[in-house]
Amino acid sequence: MVLSERSRAIAFTASVVLVAVALILAAQAFLPRPPTLSNGIVLSVVVEGPGWSISYESNETRNNTVFLFLLEAARSLHFGLEWVNYSPPLSAVFITSINSAHNGDGHRYWQFWVDVTFGTVAADLTILRGGETILWRFVAPQEG
Amino acid sequence: MAIQRSRFRKLTRLDLAFLLVLVGVVGRLLLLNVANVETVLAASMLAGVFLGWRYALLVTISIMAITDVVIYAMGWGDPFGLLPILGLTAFTWSGMAFVGLIGAVAGRRRILFTTRSMAVLTVISIPATILYDVWTAFGDWLFIAGPRGVPLETVYFLQIPFTLVHIASSIIFVPLFGSIFAWLTPAPEYLPLPETTKGEPSKP
């Protein structure tokens, strides 16, 4: 059976769309998903800003990502937090300001460590199991 | 001797190069907040396919230079410092230039405004995208992740979802813009046809 050029084009377009959707779904499967906790976990966070420091800890938090726990600290201690969202298909959150210290002020930027390990993925994709200490530092690139 | 010229010449090569730069620049800047969905790879590859390797390099370098200046002027690259950004830039520019050269090799066979040609380009864009991502992830490890103690294998593992999305981006944008540019590309000129001559028919 010989297909017409129009039929080929339609079949090709449909194939491309199907494969693209499959690839995006496969990519989603690789993204870490925080488990829903039935019991709270112990976490603490230290935020070292320019000339100030904030500490917060919880013995029964269910906010088990770096971003959610920082959000909890900001709500509990009433300091400001700003972030940008990367759009789907690979959604991610990047912190741009904590307690009025904005990325770029004095060529310094917010970076985080979980138990002295540098954060390799976005704050909302970094899952916490309990017992960790998160350190946010406002540092110049060469200090990171 | 009559020369039969194509009646379907639409744009010059320079026009096409300018349009490809436009596709790359506008696409990259508009999709900046959508990780690894971009039009630069398609523009570089199509420049190679339709215009040859010299234009592929010209288009690629133009797109990357214009968009990098805009992006870093907006402060996106600052968290990493100047040296890592320059190092990463060397990897991204050379990676895209390599994709353009892959396109130039693919363009040696005639690419027409047909489904078959677009399918060929789409298939070629997949390994081109993977090669680009493997190369630039290595650059990321060398200049950004490695100095912070992140192993290379972790960088490549974390790269997997980004590469899957990047392939999805390529297989959509390459045939989409490929078909548009295949239609716009000057048709190859016909060889001069010999004039008919009068003469006596040869005797058997």
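**Exercise 1. What percentage of the 204 residues in chain B is buried?**

Solution. Keep in mind that this is a predicted model. A residue counts as buried if 20 or more other C-beta atoms lie within 10 Å of its own. Applied to chain B with its 204 residues, this cut-off gives 39% buried residues.

**Exercise 2. Which pattern does chain B follow along the sequence?**

Solution. Start by counting elements: chain B has six helices and zero strands. Next, read along the sequence, and the pattern α-α-α-α-α-α appears. Finally, turn to the contacts with a separation of 6 or more: in chain B, 81% of them are between residues 24 or more positions apart.

**Exercise 3. In what order do the three strands of the open sheet in chain A lie, and which are the edge strands?**

Solution. Begin with the order, which is β3-β4-β5 in chain A, with antiparallel pairing. Then look for strands that pair on one side only: these are β3 (81-86) and β5 (101-102) of chain A, the edge strands. Now zoom in on one pair. β3(A) and β4 (residues 92-98) of chain A run antiparallel and are joined by six bridges. To see a bridge in the structure, find W83(A), whose partner in β4(A) is I95(A).

**Exercise 4. How many Å separate the centres of domain 1 and domain 2 of chain A?**

Solution. First locate the domains: the assignment places domain 1 of chain A at 1-30 and domain 2 at 41-143. Then take the centres over C-alpha atoms; 40 Å separate the centre of domain 1 of chain A from that of domain 2 of chain A.

Methods
Residues numbered from 1 in each chain as written. Chains lettered and ligands numbered in written order. Predicted model: local features only at pLDDT ≥ 70, side-chain atom pairs only at ≥ 80, totals over all residues. Pairing = 2+ DSSP bridges. Helix = DSSP H or I, 4+ residues; strand = E, 2+ residues; numbered from the N terminus. Domains from an automatic or database assignment. Buried ≥ 20, exposed ≤ 12 C-beta atoms within 10 Å, placed from the backbone. Contact = placed C-beta atoms within 7 Å.
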